[in-house]
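Here are some short exercises to work through with the model open beside you. Try each task before you read its solution.

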Amino acid sequence: MITLEHVSKSYEGGTGYSVRDVSLEVPAGQLLVLLGGSGCGKTTTLKMINRLIEPSAGRIRVKGRDVREMDPVVLRRGIGYVFQGIGLFPHLTIAENIAVVPRLLRWTAERITARIDELLSLVRLSPAEYRGRYPRQLSGGQQQRVGFARALAAAPQIMLLDEPFGALDPVTRDELRDDFLRIRRELGLTAVMVTHDMTEALLSADLLAVMNVGELRQVGTPRELLRRPADEFVAQLMATPRRQAERVEALSAEPGP
Ligand SMILES: Nc1ncnc2c1ncn2[C@@H]1O[C@H](COP(=O)(O)OP(=O)(O)OP(=O)(O)O)[C@@H](O)[C@H]1O
Ligand SMILES: [Mg+2]
């Protein structure tokens, strides 16, 4: 569904590569989670898929087509994008935020209204209560739900999500992630999601891709990476959830109050 072949990105005047010689494939209907430290090239990789950033080298295909041969606007209509941070337009209501792409597509007013209500229900926000509000009148988690709804507006088959659950408390985060995973399954979406959270990655991904300073270290199922990490970096990363769980366990087992 999405294929990267030897893709690199370097910036003029930049020191070296943001992304270097990355090749990977996301089969239809699967969720690939992109993991790695800050600045390792995750956002750059996502944005090259929908041409918000043009690669310096290599080829990207979406549904078999080289993205360079596609009109970027047409390409992006078929790919929902959830931004790092929340990225709602502050001066537009929730309904208007969701309607941005449908309006560009010149849908009728009735169709747009119906779609807004359908999407708000899908992300479990009451349409009557929320459609007329502004982003500042919503909590962070509610805004992230609207971000999902907006990305889904034109019924894309592909979603790119850049730390979609960042800046949420752990309970809201779990809830929103479960909702997303349910929606993804129901709609059969192919998705690439960036996260810093190892546990989240292990529990969500069909495929995990680990990056380190611009390079791809390993791609595989969570089980493959847990059992056969390609190098020490991947091994360390995969060990973090277990290490943390052990520390928590040890803490509760200590004698005393
Ligand atoms: N326009 C630019 N010009 C030069 N360098 C850039 C530009 N945009 C990004 N970079 C560099 O490319 C590298 C990768 O950036 P990217 O945003 O992809 O990282 P990331 O993995 O998403 O990090 P984070 O987890 O902090 O969001 C960084 O070192 C960044 O400074
Ligand atoms: Mg980023």
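**Exercise 1. Find which helix gives the largest share of the shell around ligand 1.**

Solution. In this predicted model, go through the shell by element: helix H1, residues 42-49, supplies 3 residues, the largest share. Next, pick out the residues that come nearest: of the 13 around the ligand, these are Ser-18, Ser-38, Gly-39, Thr-43 and Thr-44. Finally, sort the shell by class, which gives 2 nonpolar, 9 polar and 2 charged residues.

**Exercise 2. Work out how Cys-40, Gly-41 and Lys-42 approach oxygen atoms of ligand 1.**

Solution. Start with the backbone. Cys-40 places a backbone N or O atom 3.2 Å from a ligand oxygen, and for Gly-41 a backbone N or O atom lies 3.0 Å from an oxygen of the ligand. Then turn to side chains: a polar side-chain atom of Lys-42 is 2.7 Å from an oxygen atom of ligand 1. These pairs count as polar contacts because their N or O atoms lie within 3.5 Å. As a last step, look at the area: ligand 1 alone exposes 650 Å², and the protein buries 59% of that.

**Exercise 3. Trace the largest nonpolar core and the contacts of Phe-148.**

Solution. The core has 44 residues, and Phe-148 is among those with the most contacts inside it, together with Val-33, Ile-98, Met-159, Leu-161, Phe-180 and Leu-208. Helix H6 (residues 140-152) gives the most to this core, 5 residues. Now list the partners of Phe-148: leaving out residues up to four places away in sequence, they include Val-82, Val-123, Pro-164, Phe-165 and Leu-176. Apart from this core lies another, of 28 residues, among them Val-7, Ile-60, Val-67 and Met-211.

Note on methods
Residues are numbered from 1 along each chain as its sequence is written. Chains are lettered from A and ligands numbered from 1 in the order in which they are written. This is a predicted model: local features need pLDDT of at least 70, side-chain atom pairs count only at pLDDT 80 or more; totals for chains, interfaces and linings use all residues. Side-chain values use heavy atoms; hydrogens and water are left out. A nonpolar core is a set of buried Ala, Val, Leu, Ile, Met, Phe, Trp, Tyr and Cys residues joined through side-chain atoms within 4.5 Å. Buried means under 20% relative accessible area, exposed over 50%, partly exposed in between (1.4 Å probe, protein chains only). Helices (H or I, at least four residues) and strands (E, at least two) are DSSP runs, numbered from the N terminus. Contact means heavy atoms within 4.5 Å. A residue is near a molecule or strand if one of its heavy atoms lies within 4 Å of it. A polar contact is a pair of N or O atoms within 3.5 Å; within protein, one must be able to donate a hydrogen and the other to accept it, and residues adjacent in sequence count only if both atoms are side-chain atoms. Accessible areas come from the Shrake-Rupley method with a 1.4 Å probe; for residues, only the protein chains shown count as cover. Ala, Val, Leu, Ile, Met, Phe, Trp, Tyr, Cys and Pro count as nonpolar, Asp, Glu, Lys and Arg as charged, and the others, Gly among them, as polar.
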